[in-house]
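Please work through the exercises below with the sequence and the 3D view at hand. Each task is followed by a solution that goes step by step.

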Amino acid sequence: MKNIIICGFMGAGKTVVGRELAKMMGCRFIDTDELIEKEQGVAIKAIFATRGEDYFRELEYETCKKIGETKNCVVSTGGGALTFKRNVEALKKSGKIVFLDASFDTICERIGDNQSRPLFQDKEKARALYDERKSKYLEAADYVIDGDLSARMAAIRIAEIFK
């Protein structure tokens, strides 16, 4: 099986849906952000604070290249990962990309006042970022799924595509 790569804005449910989908499909789950945190030994928020976004994006690209050489995985990407063509190209080597398209209102409900989201501290800036990224997700995606659905329903819809 080719990899199923899930993209979307922060709070869209990529990790929750990805874990559910991996269980359904009987395959491994990889979260790019979790992988980076594990390899670096610190939270992404700390990487942003101490090394900056550019450094983080390089780590993310290296992670995408590694994943591009795997198969039989469900992969959840960071919110900004697939806004970079080089990451899209690296990941498409091993699979198909599914955009989990959640509305901004749903994302706000899910994130709440979560302080671990460095790019979501200012709602107005987050909205502008959401609008800017959405077209890039659509461009990268092979499939689009309604991200306002429950995690289970979204996973079922994705599983149906890849049966």
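**Exercise 1: The surface and the overall build**

The chain exposes about 8300 Å², and carbon and sulfur atoms supply 49% of that area. The model is a predicted one.

Task: state how many helices and strands the chain holds, and why it counts as compact.

Solution. Begin with the elements: the chain has eight helices and five strands, and they follow one another along the sequence in the pattern β-α-β-α-α-α-β-α-β-α-α-β-α. Next, take the radius of gyration, which is 15 Å and close to the 15 Å that the globule rule gives for 163 residues, so the chain is as compact as a globular protein of that length. Then add the extent of the C-alpha trace, which spans about 40 × 30 × 25 Å along its principal axes. Finally, turn to the interior and the contacts: buried residues make up 47% of the 163 residues, and of the contacts between residues at least 6 apart in sequence, 74% join residues at least 24 apart.

**Exercise 2: Charges and salt bridges between helices**

Task: find how far apart the mean positions of the positive and negative charges are, and then describe which helices are linked by the salt bridge of R19 and by that of R86.

Solution. Start with the charges as a whole: the chain carries 28 positive and 26 negative charges, whose mean positions are 5 Å apart. The structure holds eleven salt bridges, and one of them joins R19 to E34, with the closest N and O atoms 2.6 Å apart. This pair links distant parts of the chain, since R19 belongs to helix 1 (residues 14-25) and E34 to helix 2 (residues 32-40), 15 residues apart. As for exposure, R19 is partly exposed at 38% relative accessibility, and E34 is partly exposed at 35%.

Now take R86, which forms a salt bridge with E58, the closest N and O atoms being 3.0 Å apart. Here too distant parts of the chain are linked, with R86 in helix 5 (residues 85-92) and E58 in helix 4 (residues 53-67), 28 residues apart. R86 has a relative accessible area of 29% and is therefore partly exposed, while E58, at 39% relative accessibility, also counts as partly exposed.

**Exercise 3: A salt bridge inside one helix**

Task: explain why E62 and K65 are separated by about one helical turn.

Solution. First, establish the pair: E62 forms a salt bridge with K65, and their closest N and O atoms are 3.2 Å apart. Second, look at their places in the sequence: the two residues are three residues apart in helix 4, so about one helical turn separates them. Third, consider their exposure: E62 is partly exposed with a relative accessible area of 37%, and K65 is partly exposed with one of 32%. For a further group of salt bridges, look at E53, R57 and E60, which are linked in a network.

**Exercise 4: A glycine in a loop**

Task: decide whether G78 is buried or exposed, and list the residues that it touches.

Solution. Locate G78 in the loop between strand 3 (73-76) and helix 5. Its relative accessibility is 4%, and because buried means under 20%, G78 counts as buried. Leaving aside residues up to four places away in sequence, G78 touches K14, T32, D33 and E60. Lastly, return to E34, the salt-bridge partner of R19: the C-alpha atoms of G78 and E34 are separated by 9.2 Å, although the two residues are 44 residues apart along the chain.

Notes: Residues numbered from 1 in each chain as written. Predicted model: local features only at pLDDT ≥ 70, side-chain atom pairs only at ≥ 80, totals over all residues. Heavy atoms only, no water. Helix = DSSP H or I, 4+ residues; strand = E, 2+ residues; numbered from the N terminus. Rg over C-alpha atoms; globule rule 2.2 N^0.38 Å. Buried < 20%, exposed > 50% of the residue type's maximum accessible area, 1.4 Å probe, protein only. Contact = heavy atoms within 4.5 Å. Areas by Shrake-Rupley, 256 points an atom, 1.4 Å probe, with all protein chains shown as cover. Lys, Arg positive; Asp, Glu negative; His and termini not counted. Charge placed at Lys NZ, Arg CZ, Asp CG, Glu CD. Salt bridge = Lys/Arg side-chain N within 4 Å of Asp/Glu carboxyl O.
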